[in-house]
Amino acid sequence: MARLVDGPAFCSFRGPSGNAEHYITVEARGDFSLPRQLDSISQRYAEALQTLRLPPESAIFRRVYLSDAANQAALVRQSSLCQEPFDSPVAVSLVQQPPLPGGKVALLAYHLESPTRVSKRHGGRGHVLVEQGDLGHLWSTQLCAGNTDRPSDAAEQTRDVFDRLIDTLAANGGNLAENCVRTWLYVKDVDVFYQDMVAARTALFERHGLTRDTHYLASTGIEGACSHRYDVVLMDAYSILGLRAEQVSYLNDFGRLCATKDYNATFERGTRIAYADRAHYFISGTASIDATGKVVHPGDVQRQLERALENVDALLHSGEAQLDDMTHSIVYLRDPSDQPKVEAYLAERFPEVPRLVVRGAVCRPEWLVEVEGVAVAARDAPGLPAF
């Protein structure tokens with residue numbers, strides 16, 4: 001793990017096969033104009049790639065966080081952050097979640113370095129399929145209704161974005177229950193529309209074999225938006241084609257956290273995907289919650305952050321990993337004025353873990369902060385597929 005001075009942060013994991021994964025976060029100064037911030041982010045991103053000796057075609061996924069997507073998306077799409085190297089697709093997500101303390105744009109990027117051939121191709125609008133060995137990694141981004149002149153409700157839009165994912169999975173021989181690993185659901189005005197999204201998702205899950213008696217998906221449901229005026233639901237997703245059942249397990253510590261189904265929520269707190277030489281831990285949006293499903297430390301953002309991180313640590317330990325294995329974290333704040341306190345705590349406790357702090361209200365107003373991320377830990381399981 002490393003952080004460049006006054007620049008990007010990155011974390012890398014390299015397995016014995018030579019396959020290396022790199023997570024990079026880049027921020028820009030908040031007092032610059034949007035064009036200057038884009039130039040700054042692009043330059044610092046290039047510095048990180050040069051330091052890591054990564055070619056542009058190693059890019060798999062980028063998420064660009066914006067302060068005002070409706071007015072900024074067009075310019076961002078013209079920038080290098082959304083460009084694809086020749087014949088090498090990149091899954092790019094644009095989401096309105098203002099970077100804190102006051103930036104207009106921030107970047108999370110994921111790169112894969114491999115000594116063997118990695119095939120990348122578009123799998124339809126909003127989907128990029130990365131094929132290596134026997135597995136296909138499907139990155140789905142910018143799934144939204146695209147409404148610019150016609151309002152529709154959150155339930156209808158939720159069904160629409162999931163149907164687009166389900167159709168793409170089916171076209172590639174997969175399905176939602178067996179192949180989708182992780183979703184990110186961004187809901188405009190989350191205090192108003194979140195429950196409609198959840199109800200529609202629950203009904204759709206039941207039709208596709210995701211129930212209280214089977215399993216759900218790791219997920220973050222948080223306030224955010226795309227650039228379309230009337231869209232209230234935006235989704236990104238990650239799925240694995242060819243995934244074996246024995247590779248998948250679900251994370252929880254029931255002494256600290258209850259099952260989400262106990263309060264009628266339909267997501268997994270974390271999902272572990274095991275490979276021959278490593279395991280990936282997809283940590284869902286995690287807040288200050290106790291074993292009965294109640295909010296802990298109302299009104300105190302620092303104690304809520306501490307509890308949320310303790311919960312993340314417990315989830316990781318349940319799958320034989322730890323906080324030191326985190327490749328990055330995204331921290332969501334309801335109140336931007338809490339950023340200095342949160343940033344100071346994270347800088348002291350986890351100085352080398354790449355992170356972004358953005359404005360995004362959590363699904364319960366009492367929750368002031370939520371944390372998500374991905375961990376990668378070494379494993380020796382030669383009977384499982386290689387990553």
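**Reading helix and sheet packing**

Tutor: Let's start with helix H3, which passes helix H5 in a right-handed crossing. Keep in mind that this is a predicted model.

Student: How do I describe two packed helices, and what angle do H3 and H5 make?

Tutor: Two packed helices are described by the angle between their axes and the distance between the axes. Here H3 (residues 154-171) and H5 (residues 190-207) pack at about 40 degrees, and their axes are 8 Å apart. That angle makes H3 oblique to H5.

Student: Which residues of H3 and H5 meet?

Tutor: From H3, look for Ala154, Ala155, Thr158, Arg159, Phe162, Asp163 and Ile166. They meet Phe193, Asp196, Met197, Ala200, Arg201, Leu204, Phe205 and Arg207 of H5. Sorted by class, this contact has 9 nonpolar, 1 polar and 5 charged residues.

Student: Let's try another pair. At what angle do the axes of H6 and H7 cross?

Tutor: Helix H6 (residues 301-318) and helix H7 (residues 339-349) cross at roughly 40 degrees, with axes that come within 10 Å. H6 is therefore oblique to H7. The crossing of H6 past H7 is right-handed. H6 contributes Val301, Gln302, Leu305, Glu306 and Leu309 to the contact, and H7 contributes Lys341, Val342, Tyr345 and Leu346. By class, there are 6 nonpolar, 1 polar and 2 charged residues in the contact of H6 with H7.

Student: Now the sheet. In what order do its 6 strands run?

Tutor: Strands of a sheet pair through backbone hydrogen bonds, either parallel or antiparallel. In this open sheet the order is E13-E14-E15-E18-E16-E17, with mixed pairing. Strand E13 (248-250) and strand E17 (355-359) are the edges, each pairing on one side only. From one strand to the next, the twist averages 15 degrees.

Student: Are strands E15 and E18 parallel or antiparallel?

Tutor: E15 (residues 278-286) and E18 (residues 369-378) are antiparallel, paired over 7 bridges. To find one of them, go to Ile283, whose bridge partner in E18 is Gly373.

Student: Which strands do H6 and H7 touch?

Tutor: H6 packs on the sheet against E15, E16 (326-333) and E18, and its direction makes about 150 degrees with that of E15. H7 also packs on the sheet, touching E16 and E17, at about 165 degrees to the direction of E17.

Student: Where is the pLDDT below 50?

Tutor: Where pLDDT is low, the predicted coordinates should not be read in detail. The chain averages a pLDDT of 94, and 98% of the residues score at least 70. Residues 1-6 fall below 50, though this stretch has 19 contacts in the model beyond near neighbours in sequence.

Methods. Residues numbered from 1 in each chain as written. Predicted model: local features only at pLDDT ≥ 70, side-chain atom pairs only at ≥ 80, totals over all residues. Heavy atoms only, no water. Axes fitted to C-alpha atoms, helices over the stretch in contact; angles between N-to-C directions. Helix = DSSP H or I, 4+ residues; strand = E, 2+ residues; numbered from the N terminus. Parallel < 35°, antiparallel > 145°, perpendicular 65-115°, else oblique. Left-handed = near helix turned anticlockwise from the far one by under 90°. Contact = heavy atoms within 4.5 Å. Nonpolar A, V, L, I, M, F, W, Y, C, P; charged D, E, K, R; others polar. pLDDT = per-residue confidence, 0-100. Pairing = 2+ DSSP bridges.
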